[in-house]
Amino acid sequence: MDGKAEEGGQERSYWRWSKQDFFPEQSFQSWSSYRSAFSQTCFRFKDRLLDRSTESNELEVLSRQSENSMKRCLTWWDLIWLSFGSVVGTGIFVLTGQEAHNHAGPAIVLSYAASGISALLSAFCYTEFAVEIPVAGGSFSYLRIELGDFIAFIAAGNILLESIVGAAGLARSWTSYFATLINREPDSLRIRVSKLAVGFNLLDPIAVVVLITASTIAMTGTRKTSYVNWITSVLSALVILFIIIAGFVHAKASNMTPFLPHGVEGMFQAAAVVYWAYTGFDMIATMGEETKKPSRDIPLGLVGSMSLITVLYCVMALSLCMMQKYSDLDVNAAYSVAFQSVGMKWAKFLVALGALKGMTTGLLVGALGQARYTTQIARAHMIPPWFALVHPKTGTPINATLLITLTSACVALFSSLDVLSSVSSLSTLFIFMLMAVALLVRRYYVKDISTKCDLFKLVICLFTILASAIGTTALWNSNYRGWAGYIVTMAIWLIGTVAIYLLPQKRVPKVWGVPLVPLFPSLSIGINMFLIGSLGFEAFIRFGICTALMLVYYAFFGLHATYDMAHQNPHEPRVTGEEKIMT
C-alpha cells in the first residue's frame with residue numbers, strides 16, 4: 001500500500017481529513033452529546049485523576065491507533081550517535097566561557113562533572129523505563145502508567161511546549177551562528193519590523209527553512225535520518241577533537257590558578273547553568289519502538305553516550321581554561337577568541353562550524369523524538385488521533401512531525417531567544433523531576449498488590465524529599481549561606497530517602513535497572529528541584545500561564561476524549577504486570 005490503510009475491506013488513504021479522523025469520540029458526535037459530556041466534567045475528572053494506564057495498553061492497545069507500525073531499524077550504535085547529535089549542540093561552545101569567566105574559573109571542569117552526574121541520574125531513570133516499556137511515548141507513557149492520566153496530561157502539555165519552543169530556539173540560534181560563520185553580525189540575516197513589539201520584531205525566515213528541512217529528512221524514514229545524523233555528528237566530533245588537541249598544544253599550567261576564584265559557590269552556580277548543555281538525551285527514550293533489541297541497545301546507547309559526553313565536556317572545558325586565563329575569556333565567543341589569542345584566528349570559523357553542525361543534528365534528532373512523543377499523546381486521544389497515524393511506506397508519523405514543525409516555524413519566525421529559553425528550561429526540569437518520582441513509585445507501589453498503608457508511607461516519604469528540596473532551594477535563593485539551615489534540609493532529605501529504602505520493593509527490573517535505588521532517584525528529585533528554583537521569576541509566570549491554558553484545553557476537550565477512549569470497551573481485561581512483581 002502507498003499511504004493507505006485497511007478498514008472493513010476498503011483501503012483508506014493516509015491523507016484524510018474527515019471529522020471522524022480528528023474527533024471520533026462519542027462526546028463530540030453532536031452538540032447535545034458534548035453538552036451531556038461537559039455536564040459530567042467533575043465526575044470524569046475524578047475518574048481520570050485516579051486512573052493509571054498499563055504496560056500492555058501503552059505497548060499494544062494504543063499502538064493500533066497508528067494503523068501502521070514503526071520500523072525496528074535502530075541498534076545501540078545508532079542510539080549513541082543519535083544521543084550525541086541531540087545533546088552536543090551550542091551549549092558547550094556558548095556556556096563554557098561565560099561561566100568560567102563569571103563564576104567558576106578553571107573549576108568549570110568540576111561544574112561540568114557535577115552537571116553531568118546530575119544528567120546521568122535522569123538518564124538512568126529514562127533507561128530503566130525505556131528497557132521495560134519500549135514505546136514511542138517516552139516519559140509521557142511512563143508517567144501515565146505510574147502517576148496517572150492527569151499527571152501525564154500535564155507532562156504531555158509540557159512536552160509539546162518544550163518541543164515547540166526548543167525547536168524554535170535552536171533554529172534561531174542556527175541563524176545567528178550561520179551569520180557568524182560568514183563574518184556578519186548575528187541579527188544581520190533577520191528582518192526587522194518596527195511595528196512589532198521588542199522580542200518579536202526580528203523575523204527569521206532562515207530559521208523556518210532550517211526547521212522544515214530537518215523535519216523533511218526525519219519524515220523520509222528513521223533509518224535514513226540516522227545515517228544523516230551519523231555523518232553530521234562524526235564531522236562535529238572531528239571539530240571537537242581538533243579543539244581539544246589544539247587547546248592542549250597551546251596550554252599553560254599557570255592558567256589553572258587560582259582554581260576556585262569564586263569559591264565552591266561559584267562552581268555550583270556555574271553547574272546550574274551548564275546543565276542545559278546536557279539536555280536532549282530524553283529524545284532517545286522515544287526510539288524504543290524502533291530499536292531492534294531495546295533491552296540491550298537502549299542502556300548502551302543512552303547511558304553509554306551520556307557517560308562519554310560528560311567526559312568530552314570536561315576535557316573541552318579543561319583545554320579552554322589551560323589555553324587562556326579564565327579572566328581573559330570572552331563571554332560571548334570564548335573558544336574563538338582563545339584561539340585568536342594564540343595566533344589561530346582562522347579557528348573561529350571552525351568553532352562556528354562545529355556549533356552549527358551541533359545545532360543541525362539537534363534539530364534533526366529533535367524532529368524524530370518530538371514527533372514520537374506527539375504520536376503517543378495522540379494515540380491516547382489527548383490531542384486528535386489523526387496525529388497518531390504512521391505512514392505505511394516511510395514508517396514515520398508524518399502528521400505528528402508536521403504539527404510540531406509548522407507550530408515551531410511560526411514561533412521561530414517571530415520570537416527571540418531570550419523569550420523562548422526560560423519557558424523551555426522549566427518544562428524540561430519539571431518532567432525530569434516527575435520521572436524520578438515515577439521510578440520510585442514503580443519500584444515501591446503496584447496497584448492491587450501494595451496495601452493502602454504501603455501507599456501512604458510512600459507518599460509521605462516522597463513529600464518529605466520534595467519538601468526538603470524546596471527548602472534547600474528557598475534557602476539558596478534567599479542568599480542564606482550558613483551551614484545550619486542546609487544541614488537541617490539535607491537531614492530531612494536523608495530521612496525521607498532512608499525511609500523509602502526501608503519499604504519493601506514490589507517490583508524489580510528484569511534486564512536493566514537504576515542502581516542504588518532509592519538514592520539515585522531521590523538525588524535526581526533534589527537536584528532538579530534545585531535547578532527549577534534557580535530560574536527567574538519570569539519563567540514561573542510564563543510556565544503558570546501555559547499550564548493554565550493547558551487546563552482550559554483539558555476541561556473542554558482532553559478530559560472528555562480520554563474518558564471516552566478509556567471507556568469505549570469497559571469489558572476489556574487490563575494487565576496488572578504481576579509477572580514483574582517480586583515473590
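# Close-up views of the predicted model

**View 1. Helices α9 and α18 (417–444) each supply at least two residues to the lining of the largest cavity.** Helices are DSSP runs (H or I, at least four residues), numbered from the N terminus. A cavity is a set of points on a 1 Å grid over the protein atoms alone where a 1.4 Å probe fits but cannot get out, and its lining residues have an atom within 4 Å of a point. The structure shown is a predicted model, in which local features need pLDDT of at least 70 and side-chain atom pairs count only at pLDDT 80 or more, while totals for chains, interfaces and linings use all residues. Residues are numbered from 1 along each chain as its sequence is written, and side-chain values use heavy atoms, with hydrogens and water left out. The model holds one cavity of 30 Å³ or more. The largest cavity encloses about 40 Å³ of space, the volume being the space filled by probe spheres set on the grid points, which are joined across faces, edges and corners. Its lining is made by Tyr126, Ser139, Ile159, Glu162, Asp282, Tyr373, Thr428, Ile431 and Phe432. Helix α18 contributes the most to this lining, with three residues.

**View 2. Arg48 takes part in salt bridges with Asp51 and with Asp149.** A salt bridge is a side-chain nitrogen of Lys or Arg within 4 Å of a carboxyl oxygen of Asp or Glu. The N to O distance is 3.2 Å between Arg48 and Asp51. Between Arg48 and Asp149, the closest N and O atoms are 3.4 Å apart. This second pair links distant parts of the chain, with Arg48 in helix α3 (residues 41–50) and Asp149 in helix α9 (residues 149–181), 101 residues apart. Arg48 is buried at 1% relative accessibility, where buried means under 20% relative accessible area, exposed over 50% and partly exposed in between (1.4 Å probe, protein chains only). Asp149 is likewise buried, with a relative accessible area of 1%, and Asp51 is buried as well. A network of salt bridges links Asp47, Arg48, Asp51, Glu58, Arg144 and Asp149. The model contains 20 salt bridges.

**View 3. Arg296 and Asp297 meet through their side chains in a salt bridge.** The N to O distance in this pair is 2.8 Å. Asp297 is buried, its relative accessible area being 0%, whereas Arg296 is partly exposed at 38%.

**View 4. Phe23 and Phe28 form a tilted aromatic pair, one of 36 aromatic pairs in the model.** Rings of Phe, Tyr and Trp (its six-membered ring) pair if their centres lie within 6.5 Å, and planes under 30 degrees apart count as stacked, over 60 as edge-to-face and the rest as tilted. For Phe23 and Phe28, the centres are 5.9 Å apart and the planes stand at 55 degrees. Phe23 is partly exposed, with a relative accessible area of 31%, while Phe28 is buried at 12%.

**View 5. The rings of Phe124 and Phe520 form a stacked pair.** Their centres are 5.9 Å apart and their planes lie at 5 degrees, so the pair counts as stacked. The pair joins distant parts of the chain: Phe124 belongs to helix α7 (residues 108–132) and Phe520 to helix α21 (residues 519–533), 396 residues apart. Both Phe124 and Phe520 are buried.

**View 6. Phe23 and Phe28 belong to one aromatic cluster.** The other members of the cluster are Trp31, Tyr34, Phe38, Phe45, Phe150, Phe153, Tyr553, Tyr554, Phe556 and Phe557.

**View 7. A nonpolar patch of about 980 Å² lies on the surface.** Trp76, Trp77, Trp230, Ile231, Leu235, Leu238, Leu241, Ile245, Val249 and Leu300 make the patch. The elements that give two or more residues to the patch are α5 (76–87) and α11 (222–249). Helix α11 gives the most, with seven residues. Leu300 lies in helix α14 (residues 294–323) and is partly exposed, with a relative accessible area of 42%. Patch residues have over 30% relative accessible area and no salt bridge; like charges are joined within 9 Å, and nonpolar side chains (Val, Leu, Ile, Met, Phe, Trp, Tyr) within 5 Å. Accessible areas come from the Shrake-Rupley method with a 1.4 Å probe, and for residues only the protein chains shown count as cover.

**View 8. Val109 is found in helix α7.** Val109 is buried, with a relative accessible area of 16%. Val109 and Arg481 are 372 residues apart in sequence, and their C-alpha atoms are 23 Å apart in space.

Terms used
On a 1 Å grid over the protein atoms alone, a cavity is a set of points where a 1.4 Å probe fits but cannot get out, and a pocket is an open set with protein on both sides within 12 Å along at least five of seven lines; lining residues have an atom within 4 Å of a point.
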